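Here is a friendly tour for anyone opening this structure for the first time. Take a look at the model below, and then follow the headings.

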Amino acid sequence: MRVYLVRHAAAVPEDAQTKDADRWLSAPGRDDAGKLGRMLSDESVRFARVFSSPLVRAVQTAEVLCAALGHAGVVETRATLAPGCQPEVAAREIAALGQDTLVVGHEPGISALAALLVGQPGFESFRKGQVVLIDGGKPVWRMTPASSGAQPL
């Protein structure tokens with residue numbers, strides 16, 4: 001089973017009118033998500049399911065990635081991927097699927113989820129728009145919109 005863990009791309013800043021949960025992707029964040037999607041397509045990435053935090057910026061990141069990859073399935077929101085939630089629940093949900101899955105979340109939850117999936121006490125923090133492939137419980141590569149492609153872990 002492959003799991004593609006993604007930290008959402010850059011969002012507009014929080015301000016008096018925009019609560020954190022309602023922040024959407026900024027124009028550069030949307031561009032980065034599109035570039036990342038094209039890079040993943042070049043790697044022939046495919047998955048059966050897409051899970052996302054319910055926060056707007058995460059859902060939008062997942063939607064842009066799916067569009068770039070030609071994934072016709074729906075983006076399934078999971079409260080267990082929202083900031084402040086315990087990643088153990090999300091790890092159990094993903095493991096129970098037994099299917100290749102794309103997961104979009106936030107820091108520090110996404111790196112904590114990565115640590116659980118690979119059986120390590122910790123995992124390096126994700127940058128905005130970063131994806132890490134975990135295959136069979138082993139970290140394989142990471143990619144960011146600024147990288148030239150997949151970088152082995």
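## Helices across the sheet

Helix α2 (residues 56–69) lies across β1, β2 (49–52), β3 and β4, and runs at about 155° to β2. Helix α4 (residues 109–118) lies across β1, β4, β5 (131–135) and β6 (138–143), and its angle to β1 is about 160°. Contact here means heavy atoms within 4.5 Å. Axes are lines fitted to C-alpha atoms, for helices over the stretch in contact, and the angles run from 0 to 180 degrees between N-to-C directions. Helices (H or I, at least four residues) and strands (E, at least two) are DSSP runs, numbered from the N terminus.

A word on the source: this is a predicted model, in which local features need pLDDT of at least 70 and side-chain atom pairs count only at pLDDT 80 or more, while totals for chains, interfaces and linings use all residues. Residues are numbered from 1 along each chain as its sequence is written, and side-chain values use heavy atoms, with hydrogens and water left out.

## The sheet and its edges

Now to the strands themselves. Seven of them form an open sheet with mixed pairing, in the order β3-β2-β4-β1-β5-β6-β7. β3 (75–77) and β7 (151–152) stand at the edges with a single partner strand each, so one side of each has no neighbour in the sheet. Two strands count as paired if DSSP finds at least two bridges between them.

## Strand β4 and its partners

Which strands pair with β4 in the parallel sense? β1 (residues 2–7) does so with β4 (residues 101–105) over five bridges, and β2 does so over four bridges. On the β1 side, Val3 has Thr101 as its bridge partner, and Tyr4 stands opposite Leu102. On the β2 side, Phe51 has Val103 as its bridge partner.

Is β4 mostly covered or uncovered? The strand is mostly covered, as five of its five residues are buried. Thr101, Val103 and Gly105 point one way from β4, while Leu102 and Val104 point the other way. Buried means under 20% relative accessible area, exposed over 50%, and partly exposed in between (1.4 Å probe, protein chains only).

## Salt bridges around Asp20

Across the whole structure, a search finds eight salt bridges. Each is a side-chain nitrogen of Lys or Arg within 4 Å of a carboxyl oxygen of Asp or Glu.

Asp20 takes part in a salt bridge with Arg23, where the closest N and O atoms are 2.8 Å apart. Arg23 counts as buried at 12% relative accessibility. Asp20 also forms a salt bridge with Arg57, with the closest N and O atoms 3.2 Å apart. This pair links distant parts of the chain, 37 residues apart: Arg57 is in helix α2, and Asp20 is in the loop between β1 and α1 (27–42). Arg57 is buried at 4% relative accessibility, whereas Asp20 is partly exposed at 27%.

## A network with Arg78 and Glu93

Arg78 and Glu93 meet through their side chains in a salt bridge (3.6 Å, N to O). Arg78 lies in the loop between β3 and α3 (87–97) and Glu93 in helix α3, so the pair ties together parts that are 15 residues apart in sequence. Arg78 is partly exposed, with a relative accessible area of 21%, and Glu93 is partly exposed at 30% relative accessibility. Salt bridges that share partners join Arg49, Glu76, Arg78 and Glu93 into one network.
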